Amino acid sequence: MNSAMPDRHHIQMLDCTFRDGGYYTGWHFDDALVHDYMAAMRSSRVDLVEVGYVAPVATQCGPFKVDRLDKFDFLPASASLRYCAMLDSKAFLSAADWPLKLRAALTRSADTAIDVIRIASHYSDLRAIPSLVDEIGSLGFRPVLNLMQIDTAGEAEIEKVFNAVGRIEGLEAVYLADSFGSMQPGRVTALVSDLLAATRAPVGFHAHNNMGMALLNSVAAIHAGATWIDSTVAGMGRGAGNTATEELCTLLNGQAPAAMNELLIHHFSALKQQYGWGESILYRIAAQRQLHPMYVQALPTDASRDMPWLARLVQAIPQDRAASFDRRVLEAVLHERAAPVGAGNEN
């Protein structure tokens with residue numbers, strides 16, 4: 001791999017801390033953090049901030065997961081930052097009247113600064129995505145497609161999916177999401193290169209750090225031609241987390257600004273201590289088996305459960321049920337492998 005990084009001006013840095021990190025906080029972030037975060041994003045020359053999810057039903061969630069886009073109007077206007085939000089395609093397309101639900105969810109006022117809508121879709125379920133993209137575009141937004149769990153696809157599937165993506169008109173960008181954190185740089189390079197050959201849209205990459213490869217994979221994606229790269233502050237995100245914005249910023253800009261350091265010191269160091277995201281042997285095992293990271297995140301947390309027992313639990317999750325998190329599957333495995341409290345290590 002050529003060690004020289006491409007021109008920073010060709011890279012769109014997208015920070016998705018509020019959306020991906022919201023899995024830990026219930027999409028609550030306090031006002032002081034939000035204020036300091038925005039200052040850090042501007043100083044770090046981040047291009048886009050993903051403010052959270054928009055969903056048909058967003059009950060018992062904080063202000064960064066909403067059922068209507070205009071509920072994000074509390075966000076400060078910024079001349080240097082663009083805002084985007086994510087929606088889950090199946091949450092809308094499962095309803096016969098999905099265009100009505102979509103238009104209701106994407107209601108915005110004159111103060112709504114969001115102009116990019118990211119569509120999360122499993123790579124194998126693209127049948128209605130062109131219609132969804134058209135609808136989002138007709139409402140005045142720039143649609144971006146995120147292909148989820150792409151690392152589980154075989155070569156024939158990948159060719160079929162990329163050809164289908166190449167026929168979708170109106171995409172601002174299309175992302176490859178390493179949903180299980182299972183990719184390695186060579187795989188990233190091949191997928192980005194193949195997708196670029198199939199579509200006219202810019203290609204993006206969303207990394208997870210289950211194998212400790214998030215930053216390496218992001219760099220591999222950039223060298224392969226990806227121009228949209230996701231990150232989160234301190235790598236805060238579901239499961240093992242993501243590429244850290246401060247590390248990507250240092251790589252692309254030469255250094256992380258003082259405002260980013262202050263954000264980490266005063267806010268995210270305490271959040272990381274509280275929620276404990278980041279690489280671990282359990283996430284590594286889950287990535288190797290291509291398990292949904294929520295299976296690890298939802299494990300029992302009492303100190304009496306030792307690491308060998310937890311590791312055996314992760315290894316017992318059936319792989320044919322692993323692509324989506326199902327609490328019933330986890331509960332069944334917990335029941336089968338119940339260990340007495342304080343059992344300690346087994347020989």
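A salt bridge is a side-chain nitrogen of Lys or Arg within 4 Å of a carboxyl oxygen of Asp or Glu. The views below are taken from a predicted model.

**View 1. Salt bridge between Asp230 and Arg118.** The side chains of Arg118 and Asp230 meet with an N to O distance of 2.9 Å. The two residues belong to distant parts of the chain, 112 residues apart, with Arg118 in strand E5 and Asp230 in strand E9 (residues 228–231). Both partners are buried because their relative accessible areas, 0% for Arg118 and 1% for Asp230, fall under 20%. A search of the whole structure finds 17 salt bridges.

**View 2. Surroundings of Ser121 in strand E5.** Strand E5 covers residues 114–122 and includes Ser121. Ser121 has a relative accessible area of 1% and is therefore buried. Its side chain reaches the backbone oxygen of Asp125 at 3.2 Å. When neighbours within four places in sequence are left aside, the residues in contact with Ser121 are Ser89, Leu126, Ile129, Leu145, Asn146, Leu147 and Met148.

**View 3. Salt bridge between Asp125 and Arg127.** The side chains of Asp125 and Arg127 come together at 3.2 Å, N to O. Asp125 is partly exposed, with 34% relative accessibility, whereas Arg127 is exposed at 76%. Asp125 also appears in View 2, where its backbone oxygen is reached by the side chain of Ser121.

**View 4. Salt bridge between Asp151 and Arg187.** The closest N and O atoms of this pair are 2.8 Å apart. Asp151 is in the loop between strand E6 (142–148) and helix H7 (155–166), and Arg187 is in helix H8 (residues 185–198), so the salt bridge ties together parts 36 residues apart in sequence. Asp151 counts as buried at 13% relative accessibility, and Arg187 as partly exposed at 22%.

**View 5. Salt-bridge network of Arg19, Glu50, Arg118 and Asp230.** These four residues are joined into one network by salt bridges that share partners. The pair from View 1, Asp230 and Arg118, forms part of the network. Side chains of opposite charge can pair when their charged atoms come close.

**View 6. Packing of helices H5 and H6.** Helix H5 (residues 98–105) packs against helix H6 (residues 129–138) at an angle of about 40 degrees, and the axes are 11 Å apart. The two helices are therefore oblique to each other. The crossing of H5 past H6 is right-handed. H5 contributes Trp98, Pro99, Leu102 and Arg103 to the contact, and H6 contributes Ser131, Leu132, Glu135 and Ile136.

**View 7. Helix H9 and its cover.** Helix H9 (residues 214–224) is largely enclosed by the rest of the structure because 8 of its 11 residues are buried. The buried residues are Ala214, Asn217, Ser218, Val219, Ala220, Ala221, Ile222 and Ala224. Their cover includes H8, strand E8 (203–206), E9 and helix H10 (245–253). Two of these elements appear in earlier views: H8 holds Arg187, and E9 holds Asp230. Just after H9, Gly225 takes a positive phi of about 120 degrees.

Key: Residues are numbered from 1 along each chain as its sequence is written. This is a predicted model: local features need pLDDT of at least 70, side-chain atom pairs count only at pLDDT 80 or more; totals for chains, interfaces and linings use all residues. Side-chain values use heavy atoms; hydrogens and water are left out. Helices (H or I, at least four residues) and strands (E, at least two) are DSSP runs, numbered from the N terminus. Buried means under 20% relative accessible area, exposed over 50%, partly exposed in between (1.4 Å probe, protein chains only). A polar contact is a pair of N or O atoms within 3.5 Å; within protein, one must be able to donate a hydrogen and the other to accept it, and residues adjacent in sequence count only if both atoms are side-chain atoms. Contact means heavy atoms within 4.5 Å. Axes are lines fitted to C-alpha atoms, for helices over the stretch in contact, and angles run from 0 to 180 degrees between N-to-C directions. Angles under 35 degrees count as roughly parallel, over 145 as roughly antiparallel, 65 to 115 as roughly perpendicular and the rest as oblique. A crossing is left-handed if the near helix is turned anticlockwise from the far one by less than a right angle, and right-handed if clockwise.
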